[in-house]
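Please look over the sequence and the structure below before reading on. The report afterwards takes up some strands and some aromatic rings.

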Amino acid sequence: MSHSIPRLWTIPEIVSMICANLRQRDHVRLVRVHSALWECVIHHVWEKVPRLLCLSRLIPRTNSEYVNVSPSLEERWARFDMYAKFIRELKVEFQGKDLKTLAALQTGWLQRLQSSDCPTSFAPCVKHLTVVFPAVQPAMDSVDGWALFFPSTLVSFNFTLTMAGCGETPDTNLVPCLEALRKKASDLQTLTLQVGHRFQLTESFSRILVKTIHEFNQLTALGLDFTPQIPEQLVKDIVSSSQLSHLYVGDMLKEGQDEEDPTWDVPSTLVALGLQGQPFLTNRFLKATNPATVTRLTIRDSEGWEYGHVLAELQRFTNLDELELDVAIQSFNNLHPLRNQLQNLVHLTLGPKVLESTAISSNTLPQLAVLLPKIEELRFVQFGYVGDLSTFVPLKALQCFATSCPHLRKLCIPVEIYYTLDTELATIRPHPTLQEIDMQQSSATPFADLNNAAETMAKMFPKLTAIAFIGSDVESDDSMMDTWGQLVDAVMRLLPKLEILALDDDEGTVGSFGDFFCDVVKVP
């Protein structure tokens, strides 16, 4: 290797531009090429750690069989320190092997804190932290224990507390977590809390939650999704006097107030609003919101009501770029009162309750497509295998997007692959911009002509660069996965640049914070 190549790779701007377009596996390959490349790229390898288990081999054992020849404490932690400082995004799950790794890490780190000068957080530069905490595990009720997770650099924290027994409360784990967060992460910008089934929200928890949120001066994005409904007064206390730009509120519980209660004080700074729950409470929140500032709106139903209950309020929001609807609409024609909003949309997501009431087909899909002339991303999510085949759309029906949605780049839709006559290929009009298609909720009949279907897809979407299919995410029998594997292989032979699309766990899931907060915090 010439000396000029390593020197070239020491220029940070060049490294950043190249690594920004590489996958993590490519970063790993790159660090093995040359020592100079290792210095430039190693921090990209460790930027995003999806599981704490990835750090397990870096954690030294606290006891040595041969005490006399044991290295010093600092020497034993040197390798961990070398890589932990690069982590910007970390996910910790308190279960299985991750739980054992966490226990070893906490024990070793607390011992280290007592005997040496080291960072008070074992990942001192983390910006985005996700914690999944099953309540069946032993409680972590120590503020100091939680503090190990929270460096001063933290700007985004997502906490999920999963199922618990009847009558349990989140106080044991979540209250000390919030206390530690207040002390350590003063620059927090995004906070999302998801509390699982059958918890009781206590007064002590509500009090510390309101206090915590109000003390974060830079907090701009907040998500609350509690399976026990959130008391309306608690929501009022939280959003009052705040400067939030992104707010998502799960089910709210009415507590005896008049339905026309005028006391709501919704932040005038909101640009993204997500609401789920009873229609009159959703309406009340929408009425109190300034529609001029909101560009992203999510409306989700949890009780089987139709979107007509909130239609009048939705029509006030004329500046929307993104919209997610998960309510019964009966027909795409019923969306016509919102045509002024739909014609300017860039992103539209339709949830399972939409499709439970409105089947997509060769006849109905064009009715929707014609309302979306500027759409760039369209998703139908979380349905398909729970219903009958009427929820699938024929591959040829996607032809309507070529004429009605010329700017469409990403599409998630359940497609049925079946035998297609060769003569139909001549009538296909190529879509000018579509690059990614998610077909994980799709179906392929056993008698499908896979080569012909591949030719149809390649001609219909010549700019396609990424595809997700059923075998990558949905449980299925071997024959179905094999059928999809053959189909994708055939498409890739016709479109050599096509790659299999790997999706995050939360992406494409109605009701997930992965959707609503995906672009709030950018991790550099």
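What follows describes a strand with its pairing partners, and then a group of aromatic side chains.

The model is predicted, and the description of strand β20 and of the rings should be read with that in mind. Strand β20, which comprises residues 466-469, is covered on both of its faces. On one side lie Ala466 and Ala468, on the other Ile467 and Phe469, and all of these residues are buried.

Strand β20 pairs with strand β18, and it also pairs with strand β21, as the table sets out.

| Strand pair | Residues of the partner strand | Sense and bridges | Bridge partners |
|---|---|---|---|
| β18 and β20 | β18: residues 436-439 | parallel, 4 bridges | Asp438 and Ala468 |
| β20 and β21 | β21: residues 499-500 | parallel, 2 bridges | Ala466 and Glu499 |

Ala468, the bridge partner of Asp438, and Ala466, the bridge partner of Glu499, are thus both residues already named on one side of strand β20.

Turning to the aromatic rings, a search of the whole structure finds 6 aromatic pairs. In one of them, the rings of Phe157 and Phe159 have centres 6.1 Å apart, and because their planes stand at 55°, the pair is tilted. Phe157 is buried, with a relative accessible area of 0%, and Phe159 is likewise buried, with a relative accessible area of 0%. Phe157 and Phe159 also belong to a cluster linked by ring pairs, in which Phe122, Trp146, Phe149 and Phe150 take part as well.

Technical notes. Residues are numbered from 1 along each chain as its sequence is written. This is a predicted model: local features need pLDDT of at least 70, side-chain atom pairs count only at pLDDT 80 or more; totals for chains, interfaces and linings use all residues. Side-chain values use heavy atoms; hydrogens and water are left out. Buried means under 20% relative accessible area, exposed over 50%, partly exposed in between (1.4 Å probe, protein chains only). Two strands pair if DSSP finds at least two bridges between them. Rings of Phe, Tyr and Trp (its six-membered ring) pair if their centres lie within 6.5 Å; planes under 30 degrees apart count as stacked, over 60 as edge-to-face and the rest as tilted.
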